[in-house]
Amino acid sequence: MNSTLIDKVRTKLAETNLPIYLWGEAIYCSAYELNSSPKVQSVNSQAVSQRSAVGSQARDAEGRRPDFLRRFRKKLKFVCLLKMTTELPQIQKFNGDNFHLWKFQMKIILEAKDLLSITDGSEVKPEIEDIAKFSNWKKKDAKSKMLITAALEFKYLQQIVNCQTSAEMWKKLSTI
């Protein structure tokens, strides 16, 4: 049974390209799948009875089976969303000489991620009283700052280290 679990986990992680730290959740998910699948009587009835015993122990206080698959899917969705929002296409980092080409590439990336209006300053920071809009703007600004700083050579980070928003960073880089 252990080799079956390990094979299932390896397959899950390999097919989804998930990071290794989700190994434990994949084990829970695979164990749940094995324990909830129909059992076929085989020649080795002892193995079947052991598997049934393990399956009957996997219940909460109210007698329900925990839904590990749902938890695994939530983490999978989170990891996929995180990967989509933070992934930076391979572009040449800004080195002081290539600003116009770098800016062109960054504008396309920021526009594709719906962050250009934050970065160019056309979408202004909302008042803190409107919590939903402020929170949304703050998240977008943080993503934009992350993308900008990831696309700079280290020596140019010093020039924008005191900038509070991505729009400030963008303006400062335009003057270099």
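Student: In this predicted model, which residues does phenylalanine 94 touch, not counting residues up to four places away in sequence?
Tutor: Happy to start there! Leave out residues up to four places away in sequence, and take contact as heavy atoms within 4.5 Å. The residues that phenylalanine 94 then touches are Phe99, Trp102, Ala151, Leu152, Glu153, Tyr156, Leu173 and Ile176.

Student: Which residues touch the most other members of the largest nonpolar core?
Tutor: Good follow-up, since Phe94 comes up again. This core has 19 residues. Those touching the most other members are Phe94, Trp102, Met106, Ile148, Leu152 and Leu173.

Student: Which element gives the largest share of this core?
Tutor: Let's look at the helices that supply it. Two or more residues each come from H5 (99–112), H7 (131–150), H8 (154–160) and H9 (166–174). With 5 residues, the largest share comes from H5.

Student: Is serine 144 buried or exposed?
Tutor: Serine 144 lies in helix H7, and its contacts beyond four places in sequence are Leu110, Leu115, Thr119 and Ser166. Its relative accessible area is 0%, and buried means under 20%, so serine 144 is buried.

Student: Why does isoleucine 6 count as partly exposed?
Tutor: Isoleucine 6 lies in helix H1, residues 2–16. Partly exposed covers the range between under 20% and over 50%. Isoleucine 6 counts as partly exposed because its relative accessibility is 32%.

Student: What accessible area do Ile6, Ile20 and Trp23 have together?
Tutor: Nice one to finish on. These three residues form a nonpolar patch on the surface. Together, the accessible area of Ile6, Ile20 and Trp23 is about 270 Å².

Technical notes
Residues are numbered from 1 along each chain as its sequence is written. This is a predicted model: local features need pLDDT of at least 70, side-chain atom pairs count only at pLDDT 80 or more; totals for chains, interfaces and linings use all residues. Side-chain values use heavy atoms; hydrogens and water are left out. A nonpolar core is a set of buried Ala, Val, Leu, Ile, Met, Phe, Trp, Tyr and Cys residues joined through side-chain atoms within 4.5 Å. Buried means under 20% relative accessible area, exposed over 50%, partly exposed in between (1.4 Å probe, protein chains only). Helices (H or I, at least four residues) and strands (E, at least two) are DSSP runs, numbered from the N terminus. Patches are made of residues with over 30% relative accessible area and no salt bridge: like charges are joined within 9 Å, nonpolar side chains (Val, Leu, Ile, Met, Phe, Trp, Tyr) within 5 Å. Accessible areas come from the Shrake-Rupley method with a 1.4 Å probe; for residues, only the protein chains shown count as cover. A salt bridge is a side-chain nitrogen of Lys or Arg within 4 Å of a carboxyl oxygen of Asp or Glu.
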